[in-house]
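Visitor: Please give a close account of the surroundings of the ligand, and then continue to a helix. Which residues are closest to the ligand?

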Amino acid sequence: PVYLDYAATTPVSQEVLQAMLPYFTDQFGNSGSNQHLFGWEAADAVEESRNSIASFFHVKPSSILFTSGATESNNLAILGLLEHQTPGHIISSVLEHKAVLEPLAHLASKGWEITYLKPNLDGEITLEHFIASVKENTRLVSLLWVNNEIGTITDVPAIAQWCSNHSIICHSDATQALGKMAIQHLYLPDLLSFSGHKIFGPKGIGGLYVKPGIGLQARQWGGSQERNLRAGTLAVPLIVGLAKAIQQIPLLLQYLPELEAKKKDLANELKAKLGNSIVINSDSQNQVASILNVSIKGVDWEKLFRSMPLLAMSNGSACNSKSTFPSHVLKALGRPDDMALASLRISLAHPYLQENHEWVKQYLVQHLHQLIHERLDTNF
Ligand code: PMP
């Protein structure tokens, strides 16, 4: 099958794998063992990785924390900041990933008031829209930088700057932005979550940038690792892999124009061949190059996926794939339940450029055409 699900996860690149390998075997020390060489080597690898990630983001090394992934980073950012504070108001959006929505739901159950911004018809959350919802007691703003289902970009730097001028803390889940746009050159929010496995790094590792002066409380207790904020032996090989993957991001960004051309070509082909039977859900100007999301009218979603076994695509986010609920993001764009369910997210990355794009196009169009016609046949 051809893999078209790079927003769900990516393979580990050769460079990343090679960088990690010694830390699984020869240099296996615990970075907390400060009595011998094995521990020192591991600690050096962790600190070099931290320095490298910090210099990528143009921030201080001490502001980078290692976690098990973006889910943990989001939980640490949101709950580590607010869980023990007197409830106030939070602004977020209906476009967020569950890894933000669920910690927010937890705070809501403890009395926090949460405003979930709705996107405009293009799937965008605007600065004006955000400002209009700010209240006297707004304490945190948490907005996804790039949506994982439709790829729309939120102007996080403008919102973060506004928040900074108004003493409101701003967090962004940048899991899907990293490697898909040059966020490292932009104004960063106070808290920024990211993950290794979306950028050709390993699974089970992520990071949280915490601007100096932002006070977080630990959510797990044990050793004093990560400035007492995240107890547990550090995953040295994964940390080395994360740093290597982040170093490779400038290369990933070079492929974006080519990926965008492929994505547009696919979208145009689908529109040309399938006409009104499909709706492009990722049609905004403010969008990453690599995510195409389409809904197919009147088609059963299970049939849709069963009908194209040679293409690995997803509908909505992989984290929801065991449930048959329509995507909350597509519903927020106004799609009815059946169309939100019968949606395909095609997400590309540079390995796709080696695939036979013409074949993928034909296969997709042919199978969708067939499904749409079956539907028309049964309707009449
Ligand atoms: N946030 C977003 C926007 C994501 O796309 C994902 C991965 N589906 C996550 C958070 C969760 O990341 P992780 O797998 O590293 O916990």
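Guide: For the shell around the ligand, Ala, Val, Leu, Ile, Met, Phe, Trp, Tyr, Cys and Pro count as nonpolar, Asp, Glu, Lys and Arg as charged, and the others, Gly among them, as polar. The model is predicted: local features need pLDDT of at least 70, side-chain atom pairs count only at pLDDT 80 or more, and totals for chains, interfaces and linings use all residues. Numbering starts from 1 along each chain as its sequence is written.

The ligand is surrounded by 15 residues (C-beta atom, placed from the backbone, within 6 Å), with Gly69, Ala70, Thr71, Asn148 and Ser195 the closest. Nine residues of this shell are polar, five are nonpolar and one is charged. Domain 1 (2-7 + 253-379) and domain 2 (14-250), with bounds from an automatic or database domain assignment, both contribute to the shell, so the ligand lies between them.

Turning to the helix, H9 covers residues 256-274 (a DSSP run of H or I, at least four residues, numbered from the N terminus). Its 19 residues should span 27 Å (1.5 Å times one less than the number of residues), and the end C-alpha atoms are 26 Å apart, which agrees. Leu259, Lys262, Lys263, Leu266 and Leu270 are its buried residues (20 or more other C-beta atoms within 10 Å of their own; 12 or fewer is exposed). They cover an arc of only 95° around the axis (taken from the directions to the C-beta atoms), which puts them on the same side of H9. The face turned away from that buried side of H9 carries the exposed residues Pro257, Ala261, Lys264, Asn268 and Ala272. Just after H9, Gly275 adopts a positive phi of about 50°.

Key: Helices (H or I, at least four residues) and strands (E, at least two) are DSSP runs, numbered from the N terminus.
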